[in-house]
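Welcome! Please take a moment with the sequence and the 3D view below, and then read on for a short guided walk.

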Amino acid sequence: MEPKIGVYICDCGSNILGKVDVPKVVEYIQNLPTVTIAREYRFMCSGPGQDLIEQDIKEMGLNRVVVASCSPQMHEPTFRRLMQRAGLNPYLFEMANIREHASWVTDDPDAATEKARALVSAAVRRVYYQEPLETREVPVHPDTLVVGGGIAGIQAALEIADSGHKVYLVEREPSIGGHMIQLDKTFPTLDCSACILTPKMTLSGTHPFIELMTYSEVTEVSGFIGNFKVKIRKKPRYIDVDECNGCSDCEKVCPVTVPSEFNMKLGTRKATYRPFPQAVPSAYVIDKQGKSPCSVTCPAGVNAHGYVALISQGKFKEAIEVLRRTMPFAGVCGRVCTHPCETECERGKVDQPIAIRALKRFMADYELKNGREKAQPVERTKKDKVAVVGSGPAGLACAYDLVKAGYTVTVFEAADKAGGMLRYGIPEYRLPKSILDSEIDYVKELGVEIKTKTTVKDIDEIKKQGYKAVFLANGAWVSQKMNIPGEDAEGVMHAIEFLKQVSEGKKVELGNKVAVVGGGNAAVDAARTALRLGAKDVSIIYRRSRAEMPAIASEIDEMEEEGVKIRYLTNPVEVIAANGKLAKVRCIRMELGEPDASGRRRPVPVDGSEFEMEIGTLIMATGQAVNKSMLPGNIAYSESGTVKADEITYETSVKGVFAGGDVVAGPATVIEAVAAGKEAAISIDRYLQGTDMKEGRPEEKERVKDVPKKGVAKQPRATMSKLPVAERTRSFKEVEAGLDENAAIEEANRCLNCAVCCECLLCVSACERNAVRHDMKEEIVEVDVGNIILATGFKEFDPSVMQQYGYGRLPNVITGLEFERMVNSAGPTSGKIMLKNGEEPKSLAIVHCVGSRDINYHEYCSSVCCMYSLKFSHLLREHLPNAEVYEFYIDIRAPRKGFEEFYNRILKEGTILYRGRPGEITDVAETPYEQGKLIVKFENTLIGEKERLPVDMVILSAALEPHENARDVARIFNISCGEGDFFIERHPKLDPVATMTEGVFIAGCCESPKDIRDSVAQASAAAARVLALISKGKVETEATIAEIDEERCSGCRVCNLLCPYGAIDFDEEKKVSKINDAICKGCGACVAACPSAAIKHKHYTTQEIMAQIEGILA
Amino acid sequence: MSWEPKIVGFLCNWCSYRGADLAGTSRIHFAPNVKVIRVPCSTRVEPSFVIKAFQSGADGVLILGCHPGDCHYIEGNYKTMRRVPLLKKMLKQFGIEPERVRLDWVSASEGQKYATVVNEMTEKVRELGPFNANNGEGQHGKN
């Protein structure tokens, strides 16, 4: 059918006619060959205007229509409906925007007219090619998603649920209530906020049509109006919401106290908490922010945060049990551990790390001092027997975990006594044998059998005895030689043998001048031991410098205090013997070169720098190796000569035989040996149970990311008293004295509680209903909904960026929300308004517009501050009748019902109002009267004078601003943010609850700052819109989508990957791509990309747009 | 009448077209030279539209979309972002100054930005002078 086009140009009163010469445009258009009729009319959108078009359609047989008027965003739907009424397909209509895009944007009538002419001409050419399109109807899912559990979200959810339709109410905090539940009273009626909100909260929690999802966040939304698919991440609450009855037993035992977000950090809460007593749901939640750095760093995974937190509460007995969940060596590791935990401790970024090792030792000392109770033997729940070879830290740690898992464990030890290097390698003054004995006893009491003086080499033999698995933890006991001439001379010893002999109480003859070669802990131990045995002159010969010395720094310090000298950058090259007996040592000077494989700078000899030293005894501490003669013959070794074992499972080349500790790693630390023993225990258990040994290993631990340190006062870490040097060098008495109870508690209280929950698990035993689930994982729930209402609210502006007001720096400058909590009788001060020193303020200033109406922060008015500030004045009158109250305002904005009356009431109550925004709040006094006060510096603009007003407290009425993640939320729901990041409504006046995305509505402060009443009204409006759609039950699908012409498609599949919705599939049979029209949204990405021009974009066809281009330039 | 730059503007329906509407409702005055064609998304703009505009007498082409990350169709503007530089490269080979094509982002709340971009573009094209398809090196593009 030949197109017959009618063109209707609107004057829009004078809106268009004022600039555009409409008759001239009409004349031009009328002369276009395809145009049947062109007309001008005053208001095309009016009834008579529409009638005019309808009449022409009927009388002239028009089949295409162009209206040139305002933006299609405004009236395209109006005229499309008119087309339908007149019996034409609505897609045969085109609109030219000559108002917003022409008449309103220029002063020049000629330019406006020319632009209008071009736009209408383009529309005429375009409409010529437009085709009728059909839409399909799809059903609307009757469920609704409401995001945000503040008053707006609650209101919207209740309205929809009350009509009998299901609502998912998602809130990211542990309780619904939003900001409103933090408020004390509400203006202008002075209703108690909690009193009017809690009934609605409770109803939301119990409503049969509301599924409450607190502590949850929406992560993904797909689909379209009527048919959204929503993914919701339910954060683990670690407490079963259904089981928890809110009894607070868990909270009582929780040792971790952190600032309460609900009380604006004016008060505290526990790690196990409920934000406020009326929370909905009433169930508790455990705040876990990841794993504490100390616990993540420990190679053995000892939960240091747990026992530190319990020590801070004086729960010493419980504290040591936390450690014993992982390993038995509180006293040992509390003395000799290299404490990587302290290196990572976040407190170190404030002042110094927590003295974690000292606290660990304290627990053990405390227990020993007060008499340790015998451990209860563990029940043997597993039938299998396991053999452990070696009773050092690796062997004992493995035996410990296996016996606790229910196995029968025998430890075979070649030496006279158990303990390995702990006993024979570490001198008494560092680790008293009594401590070691007690901890080995503990392991035995659990049921581990230790057979000393028993060498095990033959695996088959041991298997014959019924052992199903073996753990080799033989250690590395052979001193490595230096391979220099003369080193076998009498008077040359090796550190390990030397230390062992001393430990065993054997007499060791030393010369007067003793030199120890090496820079590790064995060297330091040997030197200090030699000193204690009476050597007059002890020195260390080390080939690198202090920075490269691997020994524990504090041990080196103590050694030097005791008088041991260190010769750095020196290396022995020859032992000169006289009569087979050591006399001199020839050494060479070294210098540091490039870093080697260990990352330390490699020492390089300096030519011609050799010199001789007279030495009586030379002790070699230059490395330890594995004693292969003590190991099974069929075991494989690594290149470095240690037993080869799998990095994860610690299994050796022989099935069922595992190995760990120094025998695998070479000489390393106690805690690393413990870690290896523990990992081997896991493998042995899995091996014996027949499960996969590698699955889920190594365990991933998420270290807590940001640890707040703001406002943490510096406090030095606890130190232990040490034995005087003179006394040290004469005996093997322990050097460090340990902490006393008070010092330990004080030190533990320095802990920043990085992960918040310390996983001490006291809550688990405290809960009678077994509702605590520390192993809870986050859950992703997928729901189908037809519509979405966003009510994500606001956050309070942080005034600390306005340095002139001193918030965060001056103690008695607080924000409005902080004041709300302070004045609330259930708040952190029980309703007492007080200064930081606990005194009552006698004068207060309330500053309006902090962060609002300020081009440096937010240009907008936050809309509620005037009224809530006036409310504060009233509350101050009630609480502090004699206090002076001042308000500083720019303008008082009181435009709603009862607001002006409320303002007048406050004026009568005696509050003094100054018109003027304070320039500064300072504590620098200029007169004695100002001393100790906060001085508000401002211009009293009504009299034009600068003034200073000293007060005790300042309340900053801070702006309402969008959440930091507002843009991310907008992206998830495919809506937009305006300037200031508030969500954009579909139309600022006519459609303030809908968004550009059909089926997504907004309510409350996420759209713009507003009071409770407006939030409720907007929420109800959004609910009404949703209910209208649910009630209609169906929506039309997009008609302007893409379509592939199979004949032209070459099957290149370029479009398949381009589609953001995955709407394009490849038909393998026909070798062409196909668009799923239920999924296609009509963006046109594929159309523009198709190299064969095989894709047609309905209503935006290439032909239509090309015609439009021609028209615009005609 | 002296020469005035003719510029075709392709504006996405969700952000930039609404930004242009906002400039209108806010009565911001700016150069009248850009005439707008509404497309669902900037990614709908085929390179051939730009060529067609130049063939039909345009002196410049302005393509506006939602800010990166804000696309109504998730990622359409990213595709435009990658496509336009390629197009400019090709235009250059045809002897067309790449500055005659400009891609920018205007959100629904950026009426002022729209006006500024239009003014800048108009000035730029005015500087470059009228586009003549038969000029200079355009020859080998013609067969």
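What follows is a tour of charged pairs, aromatic rings, long-range contacts and some backbone details.

Please keep in mind that this is a predicted model.

**Salt bridges**

Let us begin with charge. Side chains of opposite charge can pair when their charged atoms come close. Over all chains, the count comes to 103 salt bridges. Three of them are set out here.

| Salt bridge | N to O distance | Separation in sequence |
|---|---|---|
| A:Arg39 and A:Asp56 | 2.6 Å | 17 residues |
| A:Arg335 and A:Asp365 | 2.9 Å | 30 residues |
| A:Glu555 and A:Arg528 | 2.8 Å | 27 residues |

Start with the pair of A:Arg39 and A:Asp56, whose side chains meet in a salt bridge. A:Arg39 lies in strand β2 (residues 35-41) and A:Asp56 in helix α3 (residues 47-60) of chain A, so the bridge ties these two parts together. Are the two partners buried or partly exposed? A:Arg39 counts as partly exposed because its relative accessibility is 25%, and A:Asp56 is buried, with a relative accessible area of 3%.

In the second pair, A:Arg335 and A:Asp365 form a salt bridge. This pair links distant parts of the chain, with A:Arg335 in helix α12 (residues 330-336) and A:Asp365 in helix α14 (residues 356-369) of chain A. A:Arg335 has 6% relative accessibility and therefore counts as buried.

The third pair also joins two helices: A:Glu555 belongs to α21 (residues 553-561) and A:Arg528 to α20 (residues 521-532) of chain A. A:Glu555 is buried, with a relative accessible area of 6%, and A:Arg528 counts as buried at 0%. Both residues belong to one network of salt bridges that share partners, and its members also include A:Arg430, A:Asp525, A:Lys722 and A:Arg728.

**A charged patch at the surface**

Which residues form a negative surface patch? They are A:Asp21, A:Glu40, A:Asp107, A:Asp108 and A:Asp110. To find A:Asp21, look in the loop between α1 (14-17) and α2 (22-30) of chain A. A:Asp21 counts as partly exposed, because its relative accessibility is 35%.

**Aromatic rings**

Now for the rings: the structure holds 24 aromatic pairs over all chains. In one of them, A:Phe262 and A:Phe276 are stacked, with 4.5 Å from centre to centre and 25° between the planes. A:Phe262 sits in the loop between β13 (257-259) and β14 (268-270), and A:Phe276 in the loop between β15 (272-273) and β16 (285-286) of chain A, so the pair ties together parts 14 residues apart in sequence. Both A:Phe262 and A:Phe276 are buried.

The rings of A:Tyr860 and A:Phe982 make an edge-to-face pair, because their planes stand at 70°, with centres 5.2 Å apart. Here 122 residues separate the partners: A:Tyr860 is in the loop between β37 (843-850) and α28 (865-879), and A:Phe982 in the loop between α30 (966-972) and β45 (1000-1002) of chain A. A:Phe982 counts as buried, at 7% relative accessibility.

Elsewhere, A:Tyr886, A:Phe888, A:Tyr914 and A:Phe938 form one aromatic cluster.

**Far in sequence, together in space**

A:Val850 is part of strand β37 of chain A and counts as buried, at 0% relative accessibility. From A:Val850 to A:Leu960 there are 110 residues in sequence, yet 9.7 Å in space between their C-alpha atoms.

A:Met720 lies in the loop between α23 (670-689) and α24 (725-728) of chain A, and at 16% relative accessibility A:Met720 counts as buried. Its C-alpha atom is 5.4 Å from that of A:Gly738, 18 residues away along the chain.

**Backbone details**

Where are cis peptide bonds found? One runs from A:Phe187 to A:Pro188, with omega near -10°, and another joins A:Arg697 and A:Pro698, with omega about -10°. A:Pro188 is in the loop between β8 (185-186) and β9 (191-192) of chain A, while A:Pro698 is in the loop between α23 and α24.

Two residues that are not glycine have a positive phi: A:Leu569, at about 50°, and A:Ser830, at about 55°. A:Leu569 lies in the loop between β25 (565-567) and β26 (570-578) of chain A and is partly exposed, with a relative accessible area of 25%. A:Ser830 is in the loop between α27 (816-823) and β37 of chain A, and at 56% relative accessibility A:Ser830 counts as exposed.

Methods
Residues are numbered from 1 along each chain as its sequence is written. Chains are lettered from A and ligands numbered from 1 in the order in which they are written. This is a predicted model: local features need pLDDT of at least 70, side-chain atom pairs count only at pLDDT 80 or more; totals for chains, interfaces and linings use all residues. Side-chain values use heavy atoms; hydrogens and water are left out. Patches are made of residues with over 30% relative accessible area and no salt bridge: like charges are joined within 9 Å, nonpolar side chains (Val, Leu, Ile, Met, Phe, Trp, Tyr) within 5 Å. Accessible areas come from the Shrake-Rupley method with a 1.4 Å probe; for residues, only the protein chains shown count as cover. A salt bridge is a side-chain nitrogen of Lys or Arg within 4 Å of a carboxyl oxygen of Asp or Glu. Lys and Arg count as positive and Asp and Glu as negative; His and the chain ends are not counted. The place of a charge is taken as NZ of Lys, CZ of Arg, CG of Asp or CD of Glu. Helices (H or I, at least four residues) and strands (E, at least two) are DSSP runs, numbered from the N terminus. Buried means under 20% relative accessible area, exposed over 50%, partly exposed in between (1.4 Å probe, protein chains only). Rings of Phe, Tyr and Trp (its six-membered ring) pair if their centres lie within 6.5 Å; planes under 30 degrees apart count as stacked, over 60 as edge-to-face and the rest as tilted.
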